[in-house]
Amino acid sequence: MTDAIVILDAFTANPGDLDWDALAALAPLQIHDRSEGGEIVARSAGATVVLTNKTPISGKTIDALPELRYIGVLATGYNTVDVAAARARGIVVSNVPAYGTPSVAQVVFALLLELTHRTGHHANAVREGRWSACPDFSFWDFPLVELAGRTFGVVGYGQIGRAVARIAAAFGMKVIATKSDDREGRDGEVELVKMDTLFQEADVISLHCPLTPKTQGLVNAERLGRMKSSALLINTGRGPLIVENDLAAALNAGRIAGAGLDVLSVEPPPPGNPLFTAKNCLITPHFAWATREARARLIQTATENVRAFLAGTPRNVVN
């Protein structure tokens, strides 16, 4: 069998500022910027290797592709693939772990600093002439918050969580974290605490856990009710970690002070998402992962995954 590679949704990883040359050197390559549901099987027919980011590959799709031997996910999360169906067919599924750690950690603090200083708002106020018209040398119309001395809570203390913890510590914050086993203890300067403790004590909570049946809806009305009224919530992990109606209600009622979100439960979101009109809620379009540097690492690792599979030594296997 001659190997052939198909990319079903290449655009987000490479909108034109990078290349797929190293992947194309491994086997004949077909690249599609986007693939709709009805196009997936036809475009993947005959391919031994299929790469996808968010285009779903269901068990039914897998059954319709007898030559498929490998699915490469152009992301860390792989819930778009029916991994059980792939396993049953002996199809290897690989992901790309940790490629976006520096970029995602950077956006956590871009959101947090905007919430604490409203830099964009005040810069726009200057352009509108409000500083020029001010009787004083300085003005602000949101409370300005200093991070030093406050408590930063990391939910999901993996590679990204650890990177975020280091930055928080550099701001002079006390860092607490919770792990999947909910154990207590210390990891250097970071205190490991139970989930309920973290939600009660943290001034800032940043979500970095994977999306699983256990973590879906992790941030709900009950946990939001445990948070300080002055606390801020940051989510650069997965949208469904949060019950969005509950968060919108908490923000509108002033039960927490603000939220910065780079992910939502449905992406792109429908116009009626309740968080669009929630108070003190910043939403960015799932771009924390998307620096050119991070996308270059993504493509490089995805290519290395395919190369390893074709050599008979698959790597980063998730099923």
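# Salt bridges, helix H10 and the cores of a predicted model

Reader: In this predicted model, which residue forms a salt bridge with Arg69, and how far apart are the closest N and O atoms?
Author: Arg69 pairs with an aspartate, and the pair links distant parts of the chain, 66 residues apart. Arg69 sits in the loop between helix H3 (59-63) and strand S4 (70-73), whereas its partner belongs to the segment before strand S1 (5-7). The partner of Arg69 is Asp3, with the closest N and O atoms 2.7 Å apart.

Reader: Is Arg69 buried, partly exposed or exposed, and what of Asp3?
Author: A residue counts as buried under 20% relative accessible area and as exposed over 50%, with partly exposed in between. Arg69 has a relative accessible area of 33%, and Asp3 has 22%. Since both values fall between the two cut-offs, Arg69 is partly exposed, and Asp3 is likewise partly exposed.

Reader: Which residue meets the side chain of Arg183 in a salt bridge?
Author: The salt bridge has an N to O distance of 3.2 Å, and Arg183 itself is partly exposed at 39% relative accessibility. Its partner, with a relative accessible area of 46%, is also partly exposed. That partner is Asp181.

Reader: Which residue in helix H11 (292-310) forms a salt bridge with Arg315?
Author: Arg315 lies in the segment after helix H11, and its partner lies within that helix, 11 residues apart. Arg315 is partly exposed at 32%, and the partner is partly exposed at 27%. With the closest N and O atoms 3.7 Å apart, the partner is Glu304.

Reader: How many salt bridges are there by this rule, and which residues do shared partners join into one network?
Author: The rule asks for a side-chain nitrogen of Lys or Arg within 4 Å of a carboxyl oxygen of Asp or Glu, and by it the count comes to 12 salt bridges. Salt bridges that share partners join four residues into one network: Asp196, Glu222, Arg223 and Arg226.

Reader: Is Arg223 buried or exposed, and which backbone oxygen does its side chain reach?
Author: Arg223 lies in helix H9 (residues 221-226) and, at 19% relative accessibility, counts as buried. Not counting residues up to four places away in sequence, Arg223 touches Met195, Asp196, Phe199 and Leu218. The side chain of Arg223 reaches, at 3.0 Å, the backbone oxygen of Leu218.

Reader: Why do the buried residues of helix H10 (residues 244-252) lie on the same side of H10?
Author: The buried residues of H10 are Glu244, Leu247, Ala248, Ala250 and Leu251. They lie on the same side because the arc that they cover around the axis is only 165°.

Reader: Against which elements do the buried residues of H10 pack, and which residue with positive phi follows H10?
Author: The buried residues of H10 pack against helix H9 and against strand S11 (232-235), strand S12 (258-261) and strand S13 (281-283). After H10 comes a glycine whose phi is positive, near 75°, and this residue is Gly254.

Reader: Which residues touch the most other members of the largest nonpolar core, and which element supplies the largest share of this core?
Author: Of its 29 residues, Val155, Ile205, Leu233, Leu247 and Leu275 touch the most other members. Helix H8 (195-201), strand S10 (204-207), H10 and S12 each supply at least two residues of this core. The largest share, 4 residues, comes from H10.

Reader: How many residues make up the other core that lies apart from it?
Author: Val108, Leu147, Val164 and Ala168 are among the members of this other core. The number of its residues is 25.

Reader: Which residues of S10 point one way and which the other way, and what is the bridge partner of Leu207 in S11?
Author: Val204 and Ser206 point one way from S10, while Ile205 and Leu207 point the other way, and all are buried. Strand S6 (residues 151-155) runs parallel to S10 and is joined to S10 by 4 bridges, with Phe152 standing opposite Val204. S10 and S11 also run parallel, joined by 4 bridges, and the bridge partner of Leu207 in S11 is Asn235.

Definitions and conventions
Residues numbered from 1 in each chain as written. Predicted model: local features only at pLDDT ≥ 70, side-chain atom pairs only at ≥ 80, totals over all residues. Heavy atoms only, no water. Buried < 20%, exposed > 50% of the residue type's maximum accessible area, 1.4 Å probe, protein only. Polar contact = N/O pair within 3.5 Å; in protein donor to acceptor, adjacent residues only side chain to side chain. Contact = heavy atoms within 4.5 Å. Arc of directions from axis to C-beta. Core = buried A, V, L, I, M, F, W, Y, C linked by side-chain atoms within 4.5 Å. Pairing = 2+ DSSP bridges.
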